[in-house]
Amino acid sequence: MDFKFSAELDEVRRRTRQFLDANWPKDRRAYAMNDMIARDLPGLERNSANVTPEEVREFYRKLGDAGILGIGFPEAYGGSGGGHLARYVVQSELCAAGAPYPNVGLTMVAPIFMTVGSPDFLAKNLPPLMAGEVEYCVGYTEPSAGTDLASLVTRAERDGNHFLINGQKIFSSTAHYADYYFLAARTDPSAPKHKGISLFLLDMKHPGIMVMPLVANSGVRTNIVFLDNVRVPASCLLGNENEGWKYLTEALAFERYASMASTPLVVGYNALALDPGLAEMPENSAALARLRAEVRASDLLSLNAAWTAEDGRPPIVEAAAAKVAVSETRLALGRAALEMLGPNSLLTEFNEQAPAGGQFDLMYRHSVINLFTAGANDVQRDTIATAGQHLPRSRKSSAKPTDQGQR
Ligand SMILES: Cc1cc2nc3c(=O)[nH]c(=O)nc-3n(C[C@H](O)[C@H](O)[C@H](O)COP(=O)(O)OP(=O)(O)OC[C@H]3O[C@@H](n4cnc5c(N)ncnc54)[C@H](O)[C@@H]3O)c2cc1C
């Protein structure tokens, strides 16, 4: 089996690294083990990379100008060509350098645009995204609809050529600085729960949208969003009315593997294994060897999901396997690091005495979140078993795995 990257993919990697050398200072690379640049945290003036929201936007524009954000998207819509693997390479390189990536827009929203957007819609909405000029947030989750996403109750009621939207979303990350809100809402309450959902694209400045902060245990800010009589033109509907669930299930598979590319397992592993003080202690050898194997396996499973997508197949099972492997290896890596580094490892990134810049504590706290975001691991295991291995379902149901109303 040949695991080598093609010459084209090597060129994408070289180009991305060259861009990073010129535009992302080395002193920010300590940030590499965290995958979210915390911006605008209440009461917190800086993050560990000392990057302001304006600097992140500016960095995205430079990435856009250099044609790097557009890698993996068609040239007709402002992209730079190339496929899923090329995009995966870009994302992994940015992440390994501790640089931000507009993950929500490019891995969660753009794939749905590509599936359902008309040529006019794509011509209007993709180029600004490829240019790094706009950011998106996603409003799927609600207080009583997380894993069981199809239970969402936010209502979009048709009113002639408009929709009137009312409801509450939770965990809408990046909503406090995004330009657009990609929203799932119920358009037909009388239909079975996964048949009455539609997707909308809203301008965040629209009257009636209110954003409140919610800080996760890792210190990353996410948001609660209230939608109070938000009246939008019917042109904000994306794809066919009531067919949102169909679009979402496929897009979630892309999100699942792509978001895992933002998890720099190799960087974290090297920080442990290349530290002579840690690596030379015999009691650490077994743990490091086991982690080495898990990091490599996770990497290959992620690449397999990207390759499946490149091959034109929705990577439902492959993405589920990659997501479980990467998130659980990340947790194991964080836990092992805390054990090896001892009590000092609990010092945060804001304490100068913290080993490895406090990144392992951050990694550990954030890795717990990865176990359920982008689809809870328990549900992913179900998908691997039923859709991948054709094992019988654990509960009596005739529904197919992607029809269950679960992420
Ligand atoms: C930091 C952060 C950022 C986020 N960003 C976004 C965002 O930008 N947009 C967005 O829409 N959402 C976002 N989310 C929401 C995230 O996708 C949900 O938290 C996730 O879908 C789980 O939903 P829940 O929190 O309601 O947990 P629940 O659905 O209550 O699940 C809790 C646990 O119960 C178990 N479980 C639940 N159902 C099953 C089942 N059927 N089988 C087996 N076990 C099960 C699993 O162990 C699961 O982890 C974010 C969340 C966090 C924490």
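Okay, let's start right at the ligand. A polar side-chain atom of D378 sits 2.7 Å from one of the ligand's oxygen atoms. And on the question of cover: by itself the ligand would expose 970 Å², and the protein buries 70% of that. Before I go on, please keep in mind that this is a predicted model.

So who else is around the ligand? There are 15 residues surrounding it, and the closest are T141, T147, F171, S173 and D378. Two of those deserve a quick stop. T141 has a side-chain N or O atom that is 2.7 Å from a nitrogen of the ligand. S173 also reaches a ligand nitrogen, with a polar side-chain atom 2.7 Å away.

What sort of residues make up that shell, by class? Seven are nonpolar, six are polar and two are charged. And which domains do they come from? Domain 2, residues 137–244, and domain 3, residues 246–403, each give at least three residues to the shell.

Let me stay with F171 for a moment, since it is on that list of closest residues. You'll find F171 in the loop between β3 and β4. Its phi is near 60 degrees, which is a positive value in a residue other than glycine. F171 is partly exposed, with a relative accessible area of 46% when you consider the protein chains.

There's another residue with that kind of backbone angle. N242 has a phi near 70 degrees, again positive and again in a residue other than glycine. N242 belongs to the loop between β8 and α6. At 23% relative accessible area, N242 counts as partly exposed.

That loop brings me to salt bridges. How many does a search of the whole structure find? The number is 14. I'll walk you through a few of them.

One involves E241, in that loop between β8 and α6. E241 pairs with R158, and their closest N and O atoms are 3.1 Å apart. R158 is in strand β2, residues 155–159, so to speak across the chain: the two partners are 83 residues apart, and the pair links distant parts of the chain. As for accessibility, E241 is partly exposed at 28%, and R158 is partly exposed too, at 44%.

Next up, R57 and D179. In this salt bridge the closest N and O atoms are 2.8 Å apart. R57 is in helix α2, residues 53–65, while D179 is in the loop between β3 and β4, so the bridge ties together parts that are 122 residues apart in sequence. Buried or partly exposed, where does R57 fall? R57 has 16% relative accessibility, and because the cut-off for buried is under 20%, R57 counts as buried. D179 comes in at 22%, which makes D179 partly exposed.

And now a helix-to-helix one. R381 and E328 meet through their side chains in a salt bridge, 2.8 Å from N to O. R381 is part of helix α12, residues 377–388, and E328 is part of helix α10, residues 316–341, so this pair ties together parts that are 53 residues apart in sequence. Both ends are partly exposed: R381 has 42% relative accessibility, and E328 has 31%. Then there's a group rather than a pair, with R13, R17 and E93 joined into one network by salt bridges that share partners.

Last stop, a couple of buried spots. T154 is in the loop between β1 and β2. T154 is buried, with just 1% relative accessible area. What does the side chain of T154 contact? It makes a polar contact of 2.8 Å with the side chain of E142.

Then G139, which is in strand β1. G139 is buried as well, with a relative accessible area of 0%. If you have the model open, find L183 from there: G139 and L183 are 44 residues apart in sequence, yet their C-alpha atoms are 4.6 Å apart in space.

To go back to where we began: D378, S173 and T141 are among the closest residues to the ligand, and the protein buries 70% of the area that the ligand exposes alone. That's my tour, thanks for listening.

Terms used
Residues numbered from 1 in each chain as written. Predicted model: local features only at pLDDT ≥ 70, side-chain atom pairs only at ≥ 80, totals over all residues. Heavy atoms only, no water. Salt bridge = Lys/Arg side-chain N within 4 Å of Asp/Glu carboxyl O. Helix = DSSP H or I, 4+ residues; strand = E, 2+ residues; numbered from the N terminus. Buried < 20%, exposed > 50% of the residue type's maximum accessible area, 1.4 Å probe, protein only. Near = heavy atom within 4 Å. Polar contact = N/O pair within 3.5 Å; in protein donor to acceptor, adjacent residues only side chain to side chain. Areas by Shrake-Rupley, 256 points an atom, 1.4 Å probe, with all protein chains shown as cover. Nonpolar A, V, L, I, M, F, W, Y, C, P; charged D, E, K, R; others polar. Domains from an automatic or database assignment.
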